[in-house]
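Open your viewer, keep the selection box handy, and let's walk through this model one stop at a time.

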Amino acid sequence: MITTLQIDLLPEGLEDLSLISEDLIRIYEVIKAKFPDVYVNCKKGKRIHNYSGYRNPDSKVGAANSAHKLGKALDLHRESKRENLNLYEWVIQNGAAHGICRMEDRKVTIDDSPGYGWVHIDIAEGNKSRPNQWNNGIYVFIP
Ligand SMILES: [Zn+2]
């Protein structure tokens, strides 16, 4: 029996949730408790995206060395741009305390996105040599 979490966080055809970091799953559960409408790939059981959670190492989607391929990144989605912005701000304010290390800059993922955009969170190590890119303990980068 495949679970809602497996369907939501893995691409179609994969069921092994151990491909995703346990720490990241715990963080996602904290966010889901706060924002119940949040999803990664599947909204209310319906697949909208395929590679917003784990990406196969040979996937052509996104960056070659993406944290998604290590099971350390999630692209979070909500119902509107405004709701995505609310989530983004919540993660900036509270994310470091829950173990979130990096986010993609909202300018690219939300503000300039033709659709509602997304909120990329990951647990890869931020670049300490770029102090001006840190916000509240989170490394914010341009994807
Ligand atoms: Zn992402």
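Start by selecting helix H3 (81-94). H3 has 14 residues, and from its first C-alpha to its last it reaches 20 Å, close to the 20 Å expected at 1.5 Å a residue; the expected span is 1.5 Å times one less than the number of residues. Before going further, note that this is a predicted model: local features need pLDDT of at least 70, side-chain atom pairs count only at pLDDT 80 or more, and totals for chains, interfaces and linings use all residues. Residues are numbered from 1 along each chain as its sequence is written. Helices (H or I, at least four residues) and strands (E, at least two) are DSSP runs, numbered from the N terminus.

**Two sides of H3**

Now show side chains on H3. Which of its residues are buried? They are Asn84, Leu87, Tyr88 and Val91. Seen down the axis of H3, these buried residues fall within an arc of 105°, so they line one face of the helix; the arc is that of the directions from the helix axis to the C-beta atoms. An α-helix has 3.6 residues a turn, so residues three or four places apart point the same way. Rotate to the face turned away from the buried side, and you meet the exposed residues Arg82, Glu89 and Gln93. Here a residue is buried if 20 or more other C-beta atoms lie within 10 Å of its own, exposed if 12 or fewer, and partly exposed in between, with C-beta atoms placed from the backbone.

**What H3 packs against**

Add strand E4 (102-104) and helix H4 (106-111) to the selection, along with E3 and E5: the buried residues of H3 pack against these four elements. Contact means that the C-beta atoms of two residues, placed from the backbone, lie within 7 Å. H3 lies across E3, E4, E5, E6 and strand E7 (138-141), and runs at about 25° to E5. That angle is taken between N-to-C directions, from 0 to 180 degrees, with axes as lines fitted to C-alpha atoms, for helices over the stretch in contact.

**Across the sheet**

Next, select the five strands of the open sheet, which has the order E3-E5-E4-E7-E6 and mixed pairing. Two strands pair if DSSP finds at least two bridges between them. At the edges are E3 and strand E6 (134-135), each pairing on one side only.

- E3 to E5: four bridges join these antiparallel strands. Look for Ala73 opposite Asp122 and Leu76 opposite Val119.
- E5 to E4: two bridges, antiparallel. Arg102 has Asp122 as its bridge partner.
- E4 to E7: three bridges, parallel. Met103 stands opposite Val140.
- E7 to E6: two bridges, antiparallel. Asn135 stands opposite Ile138, and in the turn of this hairpin Asn136 has a positive phi of about 60°.

Zoom in on E5, where both faces are covered: Val119 and Ile121 on one side and His120 and Asp122 on the other are all buried. E3 is covered on both faces too, with Ala73 and Asp75 buried on one side and Leu74 and Leu76 on the other.

**Last stop: the core**

Which residues touch the most other members of the largest nonpolar core? Of its 26 residues, they are Leu74, Leu76, Leu87, Val91, Val119 and Ile121. Helix H2 (22-34), E3, H3 and E5 each give two or more residues to this core, and H2 gives the most, with four. A nonpolar core is a set of buried Ala, Val, Leu, Ile, Met, Phe, Trp, Tyr and Cys residues joined through C-beta atoms within 7 Å. Finish by centring on Ile121, which touches Ala73, Leu74, Leu76, Val91, Gly95, Ile100 and Met103, not counting residues up to four places away in sequence.
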